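This report describes how the parts of one assembly meet, taking each interface in turn and then the boundary between two domains.

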Amino acid sequence: MKYRDILMEQEDLVSPGISACQGCGAELCLRTALRVLGKNTVVAIPPGCLAGAGVVGWNYDNGLKIPVHITLLDNTASFLAGVKELYDYLDEDVQVVAIAGDGATADCGFQSLSGAAERGHNIIYICYDNEGYMNTGFQRSGTTTKGSHTSTTPVGSLIKGKAQHKKDMPMIMAMHNAAYVATLNPAYMKDFVSKLKKAMSVKEGLSYLHVCSPCPTGWRFNSDLSIEVARKAVKTNFFPLYEYENNSFKLKKVANPEPVSNFLKLSKKFKHLDEKDIEEIQAHVDEKYNNLVNLAGENIN
Amino acid sequence: MSKVMATTGNTAAAIGAALAKPQVIAAYPITPQSSVVENLAGMIANGELNSKMVEVESEHSAMSVVQGAAVSGARTFTATSAQGLALMYEPYFRMSTLRLPMVMAIAGREMTSPETVWGSQQDSISVRDAGWLQMYVEDNQEILDMIIQGYKVAENQKVLLPINIIYDGFFLSHLMERVEVPPQEKVDQFLPGYNPQHVKFNPSEPMAVDPLTPGDILMEYREDHLKAAHKALEVIDDVDNDFGNSFGRYYGGAVQEYLCDDADIVLVTMGSMTGTAKEAVNIKREQGIKAGLLKIRAMRPFPETKVNEVLKGKKAVAVVDRNVCFGWNTGTLFVEVKAALNRCDDISLVPVIGGLGGADITLNHFTNCIDLLQKTSDYKKYHKCIWFKKGGELHEVS
Amino acid sequence: MREIRLHGRGGMGTVKAGEVLVYASVKGANYGNSIPFFGFERQGAPVTSFVRLDDKPIRPKNQVYHPNCLIVMDETIQKAVNIFEGIRDNTIMVMNTNKSLNELDIPEEITKVGILDATSLSLEFIGRPIPNTIMLGAFVRATNWVDLKYVCERAGQLWGEKNMAAAEKGYELCEVHEVGENDGK
């Protein structure tokens, strides 16, 4: 089945009436992922934008057409490890999936995820990275890009935005020797669907999918630009598309990458950055990208 | 036929858990609980126990793993102590409020600081208001028996709440003594498999488990939770009775009385100190003093009515806590007993604190305590807290 | 009720020795309990363990303060610990020492002494200076409070054949002396 057919013909498993922000990258990621994953799936979603959008249910209603549980902010991976263990014990084949924000993944949920990856539970862990706690007023997280203006890293006369570089979650998960690691981007749906399919085919070990999830509300761009922002993240090598499995990396090369400023200038959270700041971010992007090129070796296409 | 063994409290806990056949176990080792985890891992490694065991990276994940399994319908087990319990508090609270029955053993340990690893009840006492049932036991046989009973109480349709079986770290966890291990078939008869109907996490019956819930509905959940905990008092007694009928050992349910009927003076105890206190009661009885003992087994739910019935009309009562209640200058059980006796102004009620951080509670402490109660029974209000000091001495603190 | 206090050093198997006695008592259809004194476990540091034996259930789960038997795994421990603290009248002491009875300083509460050089014997029979199984055999010889065969059985299960034989050797080679007044209690 072609990816367009999957997206058009497979049932949308999100209940009608959920209320994410206009142009939400995470909602698009959720709907697409569930179409691909299908009905034999249970989903855990920790507190965050998707939970706030009502996906985990409200009053007595379900936000999804499949089983869903709002886990704690910091235990999604270990909770699902327990779910999977029981299904293994019962010898039932059920897809066990996390759809978590970057805070629940890279910050307080990291220990739980690290443990689950090390033990190799057969779960699919999808992180939608919108670079902060966007559901609660745009506070910084470990994956927030350096220089970002957030509510906890404001732009003042002395300090201008977040002082540290972004935590590199997909690389960290690759270093855990997870069964499958990939970066996904909603502007590249064919790639998105094929990577998700690959994760579904993994029958031993944890798959970690890191999704670029631009946030119009928190990053401050017009809601019709979400896909454009996501695309620029790839075009500028800010968010390279790559995979890791069996100890090897595979990198999708961008022909004639654009300067990172083309990505940064779309979001007002970066508007205060001066030339020197942008140069520093560019240098960081280049270093990370070159590292990936080295790791991928011949597996670059 | 039961098998008679010499085992430590931790081994008794592991054997009890294995007899209940949990499908999923997750635990993280911590002193003094570690050998519970080691024993279970050994049984699985040798094919004696068919459970999935997850060797988690923390207690927070231990409780989270069993929560995931329990939401999906599993019978589960874990065990911890002190700092581990503190670390798992977040999913611990949620286990009870999700109404997921399970048994967790606690090898009680003092809370740091000062830095310590030794026995106390401070850890479990500090989480008494997290919605779990909590039962304290006196010896290794009771550990094993109560883990089996615990599942039967927790999984009762009128209860559906998780339960802690709590035994003093080192004083029981590392104590070796005679324990009767009942045969598996008899345990299977007593404790049938667990088949929850109130929660599903299965694609065949899609359900939002624990959706966002507004306050008015949340209050209904809380009301039901309190009712279930209250109902558990009856269930604890019934299960004790059923267990006694099957296995010949009765523990008295929520409380156990020892020579209370004609007593003027009563010691109220919890956990491993109880045996020593009973010896003191015997010694004082031989001297003509009408002493008795009330052992609190259920701390949650608190057996208010039974405590009232037993202690009503007594002259003097000492409540001995192996923990402190910060802000009250007493132990916590004292505050609970006092609340239960709120209309009994004529009892001289004395708070006692002892045995913290692995300190020993001795026969002399209890005999001296009974002597003191004899003196205080004349004046109705006693405004000092007694501390058990080294060498059996009592120290009064105003 | 018989109450035993074991004195040794970290690495001598003092706590395990206490547990073996409980095993032997339970195997013999009686009761017993043992707990270690709780401290940091370090090689060579003084270790104390407490054992109670009885023919009926034993209620106390705490330390022993008034023993009527001492098992001293290392005579030199006396420099660090008062091994005689709280002992009852007519206490039996079993001691690992290379001294003779006359060279020992024994308080009057002790009326029976079993001695042997368990360290040398353990080197000879086990190949390591771990005297606990030899001392357990000696304890049975001096007290007859548990059955030697159960002590040997447990020693064998825990540490292998050599230790089983070592317990028997301890029993065989322990010199038991009646000392001081004994009113027959």
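A salt bridge is counted here where a side-chain nitrogen of Lys or Arg lies within 4 Å of a carboxyl oxygen of Asp or Glu. By that rule the side chains of B:E177 and C:K61 form a salt bridge, with a nitrogen-to-oxygen distance of 2.7 Å. The model in which this pair occurs is a predicted one.

## Chain C against chain B

The contact between these two chains involves 21 residues of chain C and 27 residues of chain B. Together the two chains bury about 2000 Å², and 63% of this area is on carbon and sulfur atoms. Within chain C, the residues that lose the most area to chain B are C:F38, C:R59 and C:K61, which together account for 39% of what that side buries. C:K61 is thus named both in this group and in the salt bridge with B:E177.

Across the interface of chain C and chain B there are two salt bridges, and six residue pairs are in polar contact, both residues of each pair being at pLDDT 80 or more. On the side of chain C that touches chain B, the elements that give two or more residues are α1 (14-27) and β2 (31-36) of chain C, and β2(C) gives the most, with six residues. Sorted by class, that side of chain C has 11 nonpolar, seven polar and three charged residues.

β2(C) also takes part in strand pairing across the interface, since strand β8 (residues 176-181) of chain B pairs with it in the antiparallel sense over two bridges. Within β2(C), C:N33 is the bridge partner of B:E177, and B:E177 is also the residue whose side chain meets that of C:K61 in the salt bridge.

## Chain B against chain A

Here the contact takes 40 residues from chain B and 41 residues from chain A. The area that chain B and chain A bury between them is about 3200 Å², of which 62% is on carbon and sulfur atoms. In chain B, the residues losing the most area to chain A are B:F201, B:P203 and B:L212, together 21% of what that side buries.

One salt bridge is counted between chain B and chain A; it joins the side chains of B:E57 and A:R119, at 2.8 Å from N to O. The count of residue pairs in polar contact between these chains, with both residues at pLDDT 80 or more, is 12. Two or more residues of the side of chain B that touches chain A come from each of β3 (52-55), α3 (59-71), α5 (89-97), β9 (208-209) and α9 (215-247) of chain B. The largest share, eight residues, belongs to α3(B). By class, this side of chain B has 20 nonpolar, 13 polar and seven charged residues.

Strand pairing is found at this interface as well: strand β2 (residues 68-69) of chain A runs parallel to β9(B), and two bridges join them. One of the partners in β9(B) is B:V209, which is bridged to A:H69.

## The two domains of chain B

The domain assignment divides chain B into domain 1 (3-247) and domain 2 (255-397), and the C-alpha centres of these domains lie 28 Å apart. Their contact takes 28 residues from domain 1 of chain B and 30 residues from domain 2 of chain B. The two domains bury about 2300 Å² between them, with 52% of that area on carbon and sulfur atoms.

Eight salt bridges are found across this boundary. In the one between B:E142 and B:R297, the closest N and O atoms are 2.8 Å apart. There are 19 residue pairs in polar contact between the domains, both residues being at pLDDT 80 or more. On the side of domain 1 of chain B that touches domain 2 of chain B, at least two residues each are supplied by α6 (122-126), β6 (133-136), α7 (140-154) and α9 of chain B, and α9(B) gives the most, with six residues. This side of domain 1 has 14 nonpolar, six polar and eight charged residues. α9(B) is likewise among the elements that give residues to the side of chain B that touches chain A.

## Salt bridges named above

| Pair | N to O distance |
|---|---|
| B:E177 and C:K61 | 2.7 Å |
| B:E57 and A:R119 | 2.8 Å |
| B:E142 and B:R297 | 2.8 Å |

Methods
Residues numbered from 1 in each chain as written. Chains lettered and ligands numbered in written order. Predicted model: local features only at pLDDT ≥ 70, side-chain atom pairs only at ≥ 80, totals over all residues. Heavy atoms only, no water. Contact = heavy atoms within 4.5 Å. Buried area = accessible area lost by both parts, 1.4 Å probe. Polar contact = N/O pair within 3.5 Å; in protein donor to acceptor, adjacent residues only side chain to side chain. Helix = DSSP H or I, 4+ residues; strand = E, 2+ residues; numbered from the N terminus. Nonpolar A, V, L, I, M, F, W, Y, C, P; charged D, E, K, R; others polar. Pairing = 2+ DSSP bridges. Domains from an automatic or database assignment.
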